[in-house]
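User: I'm new to reading structures, and I'd like a close look at a single part of this one. Could you pick a good piece and show me how it fits in with the rest?

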Amino acid sequence: MRCDVGWFRFCFAMIATVLLVSGCGKNPWVKQSSWPDGSKTLFNSTASQADESQPIAQTSGEESTGLSAWQAILEEASSANKLVMVEFVGSDWCRPCQKLEAEVFNTPEFQNWARDRFVTYRADFPKKTQLPLEIAQANEALKLTYESYVQGFPTVLVLDSQGQVISKMGYQPGGVRAWIAKLDAQLQRATY
């Protein structure tokens, strides 16, 4: 089932409004490069690789709303002719998430393969570690937007630059080559 782009934008506008009204005017789509366990993740925007502490999107010195930052991710994907990869993960409690991270995402093979194909974002839902409120709310809003696809963790969605889902993956045994081969096969069958 494909979502209407207008409905998608309306939903994000409503979510951004709620975040702003609740006092979360800071950019919630912040790059998350280091996790509580000290591991690094590929799931950061490629927009500013030089400085991993910077937000994914910035607008002329002003803080972005979640909506404009998410739009910036989609625009980055469009202008770079890339897809968007979003990982929904429970980093500190979900064993399959941790295995996917170790066996696939943290490997040089995957990172080299993904670098020129995807703008990435990691939506984390930890239980033991508390994320900043803005990030937790933005991750929850993103999960709600794709709730028909995110039935458990880990869920990796590949989106086109309009935010339409074109592929869904999770953990699968077999390592990085098997995971990439399965995703490649899905993407070859997809129409986008």
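Analyst: Let's take helix 6, which covers residues 175-189: its 15 residues should span 21 Å at 1.5 Å a residue, and its end C-alpha atoms lie 22 Å apart, which agrees. The expected span is 1.5 Å times one less than the number of residues. Helices (H or I, at least four residues) and strands (E, at least two) are DSSP runs, numbered from the N terminus.

Two notes on how to read what follows. The model is predicted, with local features needing pLDDT of at least 70 and side-chain atom pairs counting only at pLDDT 80 or more, while totals for chains, interfaces and linings use all residues. Residues are numbered from 1 along each chain as its sequence is written, and side-chain values use heavy atoms, leaving out hydrogens and water.

For context, the protein chain has 6 helices and 4 strands, in the order α-α-β-α-α-β-α-β-β-α from the N terminus on. Of its 192 residues, 47% are buried. Buried means under 20% relative accessible area, exposed over 50%, and partly exposed in between, using a 1.4 Å probe and protein chains only.

Now look at the two sides of helix 6. Its buried residues are G175, V176, W179, I180, L183, Q186 and L187. Seen down the axis, these buried residues fall within an arc of 145 degrees, so they line one face of helix 6. The arc is taken from the directions that run from the helix axis to the C-beta atoms. A general rule helps here: an α-helix has 3.6 residues a turn, so residues three or four places apart point the same way.

The other side of helix 6 carries the exposed residues R177, Q188 and R189. R177 has a relative accessible area of 63%, which means that R177 counts as exposed. The C-alpha atom of R177 is 8.2 Å from that of V104, although the two residues are 73 apart along the chain.

What covers the buried side? The cover of helix 6 includes strand 1 (83-89), helix 3 (95-105), helix 4 (108-115), strand 2 (118-124), strand 3 (155-159) and strand 4 (165-169). A contact here means heavy atoms within 4.5 Å. Across the protein chain, 68% of the contacts with a separation of 6 or more join residues 24 or more positions apart.

Helix 3, one of these neighbours, repeats the pattern. Its buried residues are C97, L100, E101, V104 and F105. They cover an arc of only 110 degrees around the axis, which puts them on the same side of helix 3. The face turned away from that side holds the exposed residues R95 and A102. The buried residues of helix 3 pack against helix 6, and also against strand 1, helix 4, strand 2 and strand 3.

Next, follow W179 from helix 6 to its ring partners. Ring pairs link W179 with F105, F110, W113 and F118 in a cluster. Rings of Phe, Tyr and Trp (its six-membered ring) pair if their centres lie within 6.5 Å; planes under 30 degrees apart count as stacked, over 60 as edge-to-face and the rest as tilted. In the whole structure, a search finds 7 aromatic pairs. One of them is W113 with F118, a tilted pair with 5.4 Å between centres and 50 degrees between planes. Both W113 and F118 are buried.

Finally, see which nonpolar cores the chain holds. A nonpolar core is a set of buried Ala, Val, Leu, Ile, Met, Phe, Trp, Tyr and Cys residues joined through side-chain atoms within 4.5 Å. The largest core has 20 residues, and W70, F88 and Y146 touch the most other members. Helix 2 (66-79), strand 1, strand 2, helix 5 (133-145) and strand 3 each give two or more residues to this largest core. Helix 2 supplies the largest share of it, 4 residues. A second, separate core of 18 residues includes W179 and L183, along with A114 and V158. W179 and L183 are also among the buried residues of helix 6, which brings us back to where we began.
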